[in-house]
Amino acid sequence: PQPSLAKKLVSLHFELGQLNEAYNILATLKEPTSDYHYDLALLSWKLKNHTQALTHINQAIKLNADFARARLLKLEILLSSEQKVEAMSTMKRWLITDKEPKSYTMLGMLLASNAISLADTIALLEDVARTTKHHKETFSFLGDLYTVSNNYKSAELAYKQFIKHLAKKDRHLGVKALYNLGFVSWRQGNVRQALVDVSKAHDLAPKNPHIANILAFLYNQQEDKQKVQKAKELLSLASAHAQEGD
């Protein structure tokens with residue numbers, strides 16, 4: 001009964017789809033580590049033993065509170081066992097209390113896999129925004145989701161809140177936010193404001209060909225010969241910078 005051989009046997013059973021055998025062998029090892037309890041939770045979840053899976057995954061998180069894979073698996077277990085309220089409550093707690101915004105990546109993964117809906121994700125982030133306003137990521141995420149939902153007015157307000165919370169070191173984030181803000185202004189028919197926002201993004205990143213292209217497009221919307229000429233100059237610069245990037 002050597003642990004290393006037992007783990008190899010567990011892997012072989014797992015690859016063959018013999019999950020009960022894999023779990024039973026792994027359970028005999030009784031290792032006090034977060035990875036060990038994560039593996040037991042994963043096997044239990046695949047065996048559709050959600051109660052057992054939650055017991056193991058909670059132990060894994062207890063041993064390592066920052067274990068991202070364990071957190072994600074806990075949410076997947078809760079959602080697959082129709083404990084949506086508990087899953088969203090847990091997600092909200094992590095979003096509010098985390099010093100580092102790792103939970104936003106996790107939320108994005110759940111949304112991308114259709115484990116949670118767009119509407120539920122927006123509702124959750126709106127709740128987080130009401131509870132704590134120091135997470136700039138909340139507003140950035142909300143702005144993107146509102147944009148996807150064609151709710152451009154709400155997206156505009158969210159991006160403005162995001163920019164308001166940026167520090168000087170977050171210059172690269174400011175470029176993206178101003179670019180997005182310009183886009184939602186344009187989609188609302190406010191070309192003048194879109195020009196203001198995208199021009200600020202261009203000032204911060206003058207060699208970004210995508211921003212230059214959009215700025216040229218906006219200038220071309222204006223019935224002004226000088227601005228049309230400016231658009232041509234920007235397109236020429238954008239092409240040059242794009243070639244430099246290549």
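Asp, Glu, Lys and Arg count as charged here, while Ala, Val, Leu, Ile, Met, Phe, Trp, Tyr, Cys and Pro count as nonpolar and the others, Gly among them, as polar. With those classes in mind, welcome to a set of close-up views of a predicted model.

**View 1. The whole protein is built from 14 helices and has zero strands.** Starting at the N terminus, each element in turn is an α helix. The protein has 246 residues, and buried ones make up 42% of them. The views that follow visit its empty spaces, its salt bridges, a surface patch and two loops.

**View 2. The largest pocket holds about 230 Å³ of space.** Rolling a probe the size of a water molecule over the atoms shows where empty space is left. Here the lining includes Lys7, Val10, Ser11 and Phe14, together with Glu31, Asp35 and Tyr36. Which helix gives the most to this lining? Helix α3 does, with five residues. Helices α1 (3–15) and α3 (34–46) each supply at least two residues. By class, the lining splits into six nonpolar, two polar and four charged residues.

**View 3. A salt bridge joins glutamate 31 to lysine 7.** The closest N and O atoms of this pair are 3.0 Å apart. Glutamate 31 sits in the loop between α2 (19–27) and α3, and lysine 7 belongs to helix α1, so their contact ties together parts that are 24 residues apart in sequence. Both residues will be familiar from the previous view, as Lys7 and Glu31 are among those that line the largest pocket. Lysine 7 is partly exposed, with a relative accessible area of 38%.

**View 4. The second largest pocket encloses about 150 Å³ of space.** Ten residues line this pocket, and Ala65, Asp66, Arg71, Asp98 and Lys102 are the ones nearest its centre. Helices α5 and α7 each contribute at least two residues to the lining. How many of the lining residues are charged? Six are, beside three nonpolar and one polar.

**View 5. One cavity of 30 Å³ or more is found in the structure.** The volume of this largest cavity is about 30 Å³. Around the space you will find Leu75, Leu79, Ala87, Met88, Met91, Leu107, Leu110 and Ile116. These eight lining residues are nonpolar, and the lining has no polar and no charged residues. Helices α5 (68–80), α6 (84–97) and α7 (102–112) each provide at least two of them. The largest share, three residues, comes from α6.

**View 6. Lys92, Asp127 and Arg130 are linked in a network of salt bridges.** Side chains of opposite charge can pair when their charged atoms come close. In this network, arginine 130 and aspartate 127 meet at 3.8 Å, N to O. The two are three residues apart in helix α8 (residues 118–131), which means about one helical turn separates them. Arginine 130 is exposed, with a relative accessible area of 60%, whereas aspartate 127 is partly exposed at 25%. In total, the structure holds nine salt bridges.

**View 7. Within helix α10, glutamate 156 and lysine 160 lie four residues apart, about one turn of the helix.** Their side chains meet in a salt bridge of 2.9 Å, N to O. Is glutamate 156 buried or exposed? Its relative accessibility is 10%, so glutamate 156 counts as buried. Lysine 160, by contrast, is partly exposed at 43%.

**View 8. Phe183, Trp186 and Phe217 form a nonpolar patch on the surface.** Together these three have about 260 Å² of accessible area. Phenylalanine 183 belongs to helix α11 (residues 171–187), and with 34% relative accessibility this residue counts as partly exposed.

**View 9. Lysine 200 and leucine 178 are 22 residues apart along the chain, with 6.9 Å between their C-alpha atoms.** Lysine 200 is part of helix α12 (residues 191–204). This lysine is partly exposed, with a relative accessible area of 46%.

**View 10. Glutamate 82 and asparagine 150 are two loop residues to look at for their backbone angles.** Most residues other than glycine have a negative phi. Glutamate 82, however, has a positive phi near 60°, and asparagine 150 has a positive phi near 65°. Glutamate 82 occupies the loop between α5 and α6 and is exposed, with a relative accessible area of 75%. Asparagine 150 is in the loop between α9 (136–148) and α10 (152–164), and is exposed at 51%.

Terms used. Residues numbered from 1 in each chain as written. Predicted model: local features only at pLDDT ≥ 70, side-chain atom pairs only at ≥ 80, totals over all residues. Heavy atoms only, no water. 1 Å grid on protein atoms, 1.4 Å probe; cavity = no way out; pocket = protein on both sides within 12 Å on 5 of 7 lines; lining within 4 Å. Points joined across faces, edges and corners; volume = space filled by probe spheres on them. Patch = residues over 30% accessible without salt bridge, like charges linked within 9 Å, V, L, I, M, F, W, Y side chains within 5 Å. Areas by Shrake-Rupley, 256 points an atom, 1.4 Å probe, with all protein chains shown as cover. Salt bridge = Lys/Arg side-chain N within 4 Å of Asp/Glu carboxyl O. Buried < 20%, exposed > 50% of the residue type's maximum accessible area, 1.4 Å probe, protein only.
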